[in-house]
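Trainee: Got a minute to go through this one with me? I'd like to ask my way around it.

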Amino acid sequence: MEHAAATPHRAGMAALIGPPNVGKSTLLNAIIGEKLAIVTPKPQTTRTQITGIHTVPGLQIVFFDTPGIHQRRGRLNKALLQAAWQSLHEADVAVACLDAAKAQKAGSVAAQVANIKGPLLASGLPLLVVLNKVDQVKDKGLLLPLLQEAAELFPEAEIIPVSALRKDNLDRLVARIAAALPESEPLFPDDQISTAQVRFLAAEIVREKLFLQLRQEVPYGVAVDIEQWEEDPETGFTRISAVIYLTREAHKGMVIGKQGQTLKQIGVLAREEIQELLEAKVHLELFVKVKEDWTENPAMLRELGYQL
Ligand SMILES: Nc1nc2c(ncn2[C@@H]2O[C@H](COP(=O)(O)OP(=O)(O)OP(=O)(O)O)[C@@H](O)[C@H]2O)c(=O)[nH]1
Ligand SMILES: [Mg+2]
């Protein structure tokens with residue numbers, strides 16, 4: 001600690017930007033060491049900016065996890081893109097995240113950078129390029145051409161191969177981000193790991209369990225809204241009621257399942273995780289409602305916390 005005064009304190013924001021499903025949320029959770037962002041194998045899991053604050057002596061990095069950049073239509077999709085680009089706008093450093101395994105199969109990273117390269121370069125921010133999921137590339141020799149291609153596409157950027165899942169090479173990534181941040185005092189208290197509210201995190205946990213249970217086409221039309229949150233000081237229980245919104249009547253059966261088994265399972269898994277989050281006993285009630293147009297309805301989108 002005596003040496004701390006010699007090196008200036010650095011602090012700032014780093015935005016994780018990339019296509020859906022490349023592992024941005026997994027990376028955020030791995031660096032922070034807590035599950036802040038939900039993770040599923042389905043694309044477009046993350047829907048808002050989620051902050052994760054990494055504080056060590058001399059350094060504070062405020063990470064922004066963001067929705068994957070895609071080209072799909074619709075108001076909800078537009079809100080997701082807006083959240084991602086807004087994060088880039090607020091950041092001091094951009095971290096482009098790519099999927100090495102997918103790139104290796106395609107023989108190129110080009111398709112993954114198509115939608116992000118222009119805005120990243122235009123931002124003028126210091127840029128790092130992360131090639132994630134290297135654990136899935138068995139023959140490491142196959143990584144070289146991808147690293148080279150990425151270096152040609154982003155000549156100013158350092159390319160960093162990592163595995164968020166195995167926590168490989170994350171120290172190097174953190175060190176490079178740190179080097180690109182401005183000298184600054186910490187922006188948040190050193191014990192704060194996020195700006196997210198527990199209510200939001202609880203709703204996200206329910207959404208994660210839903211995504212994991214449901215078939216590919218359903219999740220886009222799923223939203224979770226916490227309607228009631230009451231702590232009973234006598235029993236120590238937190239009573240939470242959440243509404244699961246769906247866009248189609250036909251999806252209701254899939255969410256509820258035979259004799260309510262699917263919904264029950266979702267409730268059990270979500271409650272366990274919310275209990276861990278709150279370190280309190282939780283009573284969780286889930287309701288399912290069909291609101292056909294919620295993904296296109298501005299008032300409803302705002303009510304659910306999306307910024308339009
Ligand atoms: N093998 C492997 N799988 C990974 C790694 N990182 C993430 N994954 C998996 O990739 C899938 C997507 O991970 P997410 O973290 O949700 O990806 P994301 O980029 O946040 O996705 P969106 O929020 O939809 O944009 C999940 O099944 C993760 O377990 C990794 O380093 N190695
Ligand atoms: Mg995500």
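What follows is a chat about the fold, the sheet and the metal site of this predicted model.

Trainee: What radius of gyration does the chain have, and what would a compact globule have?
Mentor: Start with the length, 308 residues. A compact globule with that many residues would come out near 19 Å, and the chain agrees with that, at 20 Å.

Trainee: How many of the contacts between residues at least 6 apart in sequence join residues at least 24 apart?
Mentor: For background, the chain has eleven helices and nine strands, and 49% of its residues count as buried. Of the contacts you're asking about, the share that joins residues at least 24 apart is 71%.

Trainee: What's the strand order in the open sheet of six strands?
Mentor: Work in from the edges: strand 2 (50-56) and strand 6 (158-161) each pair on one side only. Pairing across the sheet is mixed, and the twist averages 25° from one strand to the next. Reading across, the order is 2-3-1-4-5-6.

Trainee: In which sense do strand 2 and strand 3 pair, parallel or antiparallel?
Mentor: In general, strands of a sheet pair through backbone hydrogen bonds, and either sense can occur. Here Thr55 stands opposite Gln60 in strand 3. Seven bridges hold strand 2 and strand 3 (residues 59-65) together, and the sense is antiparallel.

Trainee: Which residue of strand 6 does Leu131 stand opposite?
Mentor: Look at strand 5 from both sides. Six bridges join strand 4 to strand 5 in parallel, with Ala96 opposite Val129. On the other side, four bridges join strand 5 to strand 6, also running parallel, and there Leu131 faces Pro161.

Trainee: Why is strand 5 largely enclosed by the rest of the structure?
Mentor: Check both faces: Leu127, Val129 and Leu131 point one way, while Leu128, Val130 and Asn132 point the other way, and all are buried. Strand 5 counts as largely enclosed because the number of its six residues that are buried is six.

Trainee: What is the handedness of the β-α-β unit made by strand 5, helix 6 and strand 6?
Mentor: Follow the path from strand 5 over helix 6 (residues 143-153) to strand 6. With the strands pointing away from you, a clockwise path is the right-handed case. This unit is right-handed.

Trainee: At about what angle does helix 7 run to strand 6?
Mentor: Take helix 2 (residues 75-90) as a warm-up: it lies across strand 1, strand 3 and strand 4, at about 155° to strand 1. Helix 7 (residues 170-180) packs on the sheet too, touching strands that include strand 5 (127-132) and strand 6. Its direction makes an angle with that of strand 6 of about 155°.

Trainee: How many of the nine residues of helix 1 are buried?
Mentor: Its cover includes strand 1, strand 2, strand 3, strand 4, strand 5 and helix 7. Among the buried residues are Lys24, Ser25 and Leu27. The helix is mostly covered, and the count is eight.

Trainee: Which residues coordinate the magnesium ion (ligand 2)?
Mentor: One donor sits in helix 1 (residues 24-32) and the other in the loop between helix 1 and strand 2, 21 residues apart. The helix residue has a relative accessible area of 8% and the loop residue 6%, so under the 20% cut-off both count as buried. At 2.0 to 2.1 Å, the donors are OG and OG1 of, respectively, Ser25 and Thr46.

Methods. Residues numbered from 1 in each chain as written. Chains lettered and ligands numbered in written order. Predicted model: local features only at pLDDT ≥ 70, side-chain atom pairs only at ≥ 80, totals over all residues. Heavy atoms only, no water. Pairing = 2+ DSSP bridges. Helix = DSSP H or I, 4+ residues; strand = E, 2+ residues; numbered from the N terminus. Axes fitted to C-alpha atoms, helices over the stretch in contact; angles between N-to-C directions. Contact = heavy atoms within 4.5 Å. Donors = N, O, S within 2.8 Å, 3.2 Å for Na, K, Ca; no water. Buried < 20%, exposed > 50% of the residue type's maximum accessible area, 1.4 Å probe, protein only. Rg over C-alpha atoms; globule rule 2.2 N^0.38 Å.
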